[in-house]
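Q: Before the interface is discussed, please explain how individual features of a protein model are to be read.
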Protein chains: 2
Amino acid sequence: MSRQIRFGLFLLGTGSHISGWRLPGAIDGFEDISEITAICQEAERGLFDLIFMGDNLNADPAAHPSYCSRLEPLTMLSAVAMNTRHVGLGATASTTYGDPWTLARGFASLDHISGGRAAWNSVTTSNPQAAANFGTTHPDHARRYEMSGEFIEVVKKLWGAWDEGALVKDPESGTYFDAGKIHAVDHEGPFFKVKGPVNISRPPQGRPLILQAGGSEPGQELAAKHADVVFTVTQDRGEAAEFYAGLKARLQKNGRRESDLVILPGVMPVVGHTEAEARAKLARLMSFVDDETALGMLSERFNTDLRGHNLDGPIPDLGKNDAYHAFAKAMLSKAKRENMTLRDLYSLVAAARGHWVLCGSAEQVADTLQEWFESGAADGFNVMPGWFMDGFTDFIDLVLPILQERGLYKTAYAEGTLRDKLGLPA
Amino acid sequence: MSRQIRFGLFLLGTGSHISGWRLPGAIDGFEDISEITAICQEAERGLFDLIFMGDNLNADPAAHPSYCSRLEPLTMLSAVAMNTRHVGLGATASTTYGDPWTLARGFASLDHISGGRAAWNSVTTSNPQAAANFGTTHPDHARRYEMSGEFIEVVKKLWGAWDEGALVKDPESGTYFDAGKIHAVDHEGPFFKVKGPVNISRPPQGRPLILQAGGSEPGQELAAKHADVVFTVTQDRGEAAEFYAGLKARLQKNGRRESDLVILPGVMPVVGHTEAEARAKLARLMSFVDDETALGMLSERFNTDLRGHNLDGPIPDLGKNDAYHAFAKAMLSKAKRENMTLRDLYSLVAAARGHWVLCGSAEQVADTLQEWFESGAADGFNVMPGWFMDGFTDFIDLVLPILQERGLYKTAYAEGTLRDKLGLPA
């Protein structure tokens, strides 16, 4: 079978657009498991490969509403697992504010509960506000990535600590475990000391998938070593293709093939039956954006307070800032190319939190995705609907059938675990 | 309505009896969410008030099988929430190996997911093996309880950090939050420094219930201050009544009424249509116990390696040991009363991990529970079936109708959250 486009759903209950919840009939929260389940079932109807649930470890009412009021990812996706069958379940968890034993165990548990659909979106937590909730100070970018590398190593060791066949369960002899197949990991490194094993047997996938989003230099090194799926922030096909080639090139030295890593740029599609209809939808969405909300979001994304600046003047110097490294790079590169004002920049960020907005007729959207996919810019896309449900349903009902007709998208789920479905090595 | 008996289900997938899984047809694991859901639905059929899921933070194949191979509690109960409607969901989480922000958030999430049924079984983690999984050393009993007191305070503050009405969600004005109703907690104590708030709104119950099992002096002080439900290990009605009266007496100084705390001794019922039938079932179960398994369990429970001792000699001096404080006290007190050998003690522990075994006809079991309930030894019981499903179903089908007929047990669930159902103050 020829290569096909992969789709992830980036899930924020109120949509990726900062004011998506204001559209009449839109889902207006991220704490109602019935609404969240309905979205995930819709993703499954659209044969999506996986759901990405981002996360943050602070509460800032000035940021995106679904950052400040949200269910915790692992509990949420365990609940979702019970009413879905195929879609992968990717939960974000931090390597800076957490510990490897608890994390390895939690994702192993989700993997058992979901029948092999768990994925860990490994992040270092860029927002320094998190530190105050954990009684500590925020490590700098380089240190966070050093910690993260070791953290992931430990987690992988813990997932591997139980061999196949360790659970014997023979009622005749009374042998429950083959203790020789359950191993301590005895990890001792600069940041972590973990004996192991975990008290849960080998996950159905062997190990849950590892997702990663860091676009910085150490982020890419980490991804090339450990990640099964990378999602990226991009505004430009050329930049995306450059990133794609660069990251794939890093795989070989880690003994991995190009097909072992799936790269998914983030995109907020706004789709209409015609281009005019799509444009009108986007204009409607943007009409909800007010200065305060948008600057709050922008300040959060750049980790710099931008309130009070002249909106129609140039973008102020943001100084040296290691938060949202790749994100800031993509944004500011586009802003420079297009000679943006601060207002232009905030509109861009308000629309899809800085991700690429693809607005057009279904045919146009399908053409563009195909173009990216076939020109070496993407293995698929992390779809970030601006609002739910219409903003997602439109994409499923209008765009996917076109891609299916072109042989670019599957028409049914494959069997097996998430790892099997994505054709990733064990 | 007069006072009625409360029932909790203490859930270990392979049953509380160490060899329960060896009975033909018994559930033989604790990692299959379908089997676990079926057990929880059975609890709901029996109108049980809540499920207690214990936990441990180490993997020891010599201990109880369901300690070493198990789903993680919060992910498990979130999944269970989707296929139950009424039963309370009590997950164990440690105040020694965790952090208050993550814990408060996780249980708030379970409370939202379950529609107000979450309960936190707060433990200090007595088994010192846990420490090695977290790169640290195990704090002693006194210190663990000091940490625990502060930890619980912080968690309660975090649950209270969002006022009612903080979520405005007005699409007209674009106001999503009333930021004045979302408060930092700014906690700074000897053990924890937490700014808050959490990024999830006020839990449906106001705050999830707090469960507690510590029977030691500091454990009782903590329970009298914070716990909504206490479950206890006991082997004797007199001792249970003394504990009950003592703990209830501690409530007043904390400004609480006696009815604000529900005390549930643990009991493993083995029920038959006749006493003889019940005895035969228990004998069958006990026939599966071998020396090695039972001594492994006993060593784990007392945190002292007892392998190699003469089984038919006296119980060796266990020295000073702060692990399983209340548990060890109850066990050794009974052993002394009854002049037990080590073999007698291990049989007792193998049967129900040291908890009270109540074996008899349905009528006898109902009579005894009623006697305990009416004589001030219990508000209800934490039921620990030796195996699933029969070991549980027998109790539901044979014992509960007798108690219902006597007006001692409800015939339907009340409406509302778990807190409402138990009549506990907000």
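Q: Is B:Arg3 buried, partly exposed or exposed?
A: The idea is to compare the relative accessible area of a residue with two cut-offs: buried is under 20% and exposed is over 50%. In this predicted model, B:Arg3 has 43% relative accessibility, so it counts as partly exposed.

Q: Which residue meets B:Arg3 in a salt bridge?
A: A salt bridge is read from the N to O distance, with a limit of 4 Å. Here the side chain of B:Arg3 meets that of B:Asp379 at 3.0 Å. B:Asp379 is in the loop between α12 (362–374) and β13 (380–383) of chain B, while B:Arg3 is in the segment before β1 (6–10), so the pair ties together parts that are 376 residues apart in sequence. B:Asp379 has a relative accessible area of 9% and is therefore buried.

Q: Which parts of chain B does the pair B:Glu164 and B:Arg202 tie together?
A: One first checks the distance, then locates each partner. The side chains of B:Glu164 and B:Arg202 form a salt bridge at 4.0 Å, N to O. B:Glu164 belongs to the loop between α5 and β5 (167–170), and B:Arg202 to the loop between β8 (193–194) and β9 (209–212), so the bridge links parts of chain B that are 38 residues apart in sequence. With a relative accessible area of 63%, B:Glu164 is exposed, whereas B:Arg202, at 28%, counts as partly exposed.

Q: Which residues do salt bridges that share partners join into one network?
A: Bridges with a partner in common are read together. A:Glu217, A:Glu221, A:Arg250 and A:Lys253 are joined in this way. Over all chains, the structure holds 58 salt bridges. One of chain A pairs A:Asp260 with A:Arg257 at 2.9 Å, N to O, and A:Asp260 is buried at 7% relative accessibility.

Q: What does A:Leu77 contact beyond its neighbours within four places in sequence?
A: Leaving out sequence neighbours directs attention to contacts made by the fold. A:Leu77, in helix α3 of chain A, touches A:Met53, A:Leu89, A:Gly90, A:Ala91 and A:Leu110. Its relative accessibility is 0%, so A:Leu77 counts as buried.

Q: How is B:Ser148 placed in chain B, buried or exposed?
A: The same reading applies to a polar side chain. B:Ser148 is found in helix α5 (residues 141–159) and is buried, with a relative accessible area of 1%. Among the residues that B:Ser148 touches are B:Thr95 and B:Leu222.

Q: How many helices and strands does chain A have?
A: A chain is summarised by its elements and its overall dimensions. Chain A has 14 helices and 13 strands. Its radius of gyration is 21 Å, close to the 22 Å that the globule rule gives for 426 residues, so chain A is as compact as a globular protein of that length. Of those 426 residues, 64% count as buried.

Q: What area is buried between chain A and chain B?
A: The size of an interface is often given as the accessible area lost when the parts come together. Between chain A and chain B the figure is about 5,000 Å², with 61% from carbon and sulfur atoms. Each chain brings 63 residues to the contact. Four salt bridges cross this interface, including A:Lys169 with B:Asp28, whose closest N and O atoms are 3.7 Å apart. There are also 28 residue pairs in polar contact, both at pLDDT 80 or more. On the side of chain A that touches chain B, α4(A) gives the most, with seven residues. By class, that side has 29 nonpolar, 21 polar and 13 charged residues.

Terms used:
Residues are numbered from 1 along each chain as its sequence is written. Chains are lettered from A and ligands numbered from 1 in the order in which they are written. This is a predicted model: local features need pLDDT of at least 70, side-chain atom pairs count only at pLDDT 80 or more; totals for chains, interfaces and linings use all residues. Side-chain values use heavy atoms; hydrogens and water are left out. Contact means heavy atoms within 4.5 Å. Buried area is the accessible area (1.4 Å probe) that two parts lose on being put together, summed over both. A polar contact is a pair of N or O atoms within 3.5 Å; within protein, one must be able to donate a hydrogen and the other to accept it, and residues adjacent in sequence count only if both atoms are side-chain atoms. Helices (H or I, at least four residues) and strands (E, at least two) are DSSP runs, numbered from the N terminus. Ala, Val, Leu, Ile, Met, Phe, Trp, Tyr, Cys and Pro count as nonpolar, Asp, Glu, Lys and Arg as charged, and the others, Gly among them, as polar. The radius of gyration is taken over C-alpha atoms; the globule rule is 2.2 Å times the number of residues to the power 0.38. Buried means under 20% relative accessible area, exposed over 50%, partly exposed in between (1.4 Å probe, protein chains only).
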